[in-house]
Amino acid sequence: MATFNEWLTAYDIVYRELPATSSLACPNCGHRTLRIIFTAPPAAEHGYVSFWCDTCLEGIYVSRALIPDGVTVTARSTGEPTEERNRGIPEYRLVT
């Protein structure tokens, strides 16, 4: 299993490539199915991040992250109902 630090390194790489889609391999299973979604109040510059692998369903949660310019598709509003805000985010295992 990948450590929290390995996940944090993967997050940093994927984050720096935004708004482009990354093809980085998952630090846990090696599949190229990493996903990232930001959740923040409307027009906020900072938010929460869900970062996981769609294959092994492991990942991390980051709070108070700067939302990069151009990120719109992967940004959700905290003003949306919970079921809309969490749409497409699976119940993945948090690595701590």
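Which side chain makes a polar contact with the side chain of Ser-22? Keep that in mind while you look around.

This is a predicted model, where local features need pLDDT of at least 70, side-chain atom pairs count only at pLDDT 80 or more, and totals for chains, interfaces and linings use all residues. Residues are numbered from 1 along each chain as its sequence is written, and side-chain values use heavy atoms, with hydrogens and water left out.

**Select the whole chain.** Color by secondary structure. You will find two helices and five strands (DSSP runs: H or I of at least four residues for helices, E of at least two for strands, numbered from the N terminus). Starting at the N terminus, the order is α-β-β-β-β-α-β. The C-alpha atoms fill a box of roughly 35 × 25 × 20 Å along the principal axes. Of the 96 residues, 38% are buried, meaning under 20% relative accessible area with a 1.4 Å probe, protein chains only.

**Select Ser-22.** Ser-22 sits in the loop between helix H1 (4–17) and strand S1 (34–40). Ser-22 is buried, at a relative accessible area of 17%.

**Add Glu-17.** Here is the partner: the side chains of Ser-22 and Glu-17 make a polar contact at 2.8 Å. Such a contact is a pair of N or O atoms within 3.5 Å; within protein, one must be able to donate a hydrogen and the other to accept it, and residues adjacent in sequence count only if both atoms are side-chain atoms.

**Add Leu-24.** The backbone nitrogen of Leu-24 is 3.0 Å from a polar atom of the Ser-22 side chain.

**Add Val-14.** Setting aside neighbours within four places in sequence, Ser-22 is in contact with Val-14 and Glu-17 (heavy atoms within 4.5 Å).

Note on methods: Buried < 20%, exposed > 50% of the residue type's maximum accessible area, 1.4 Å probe, protein only.
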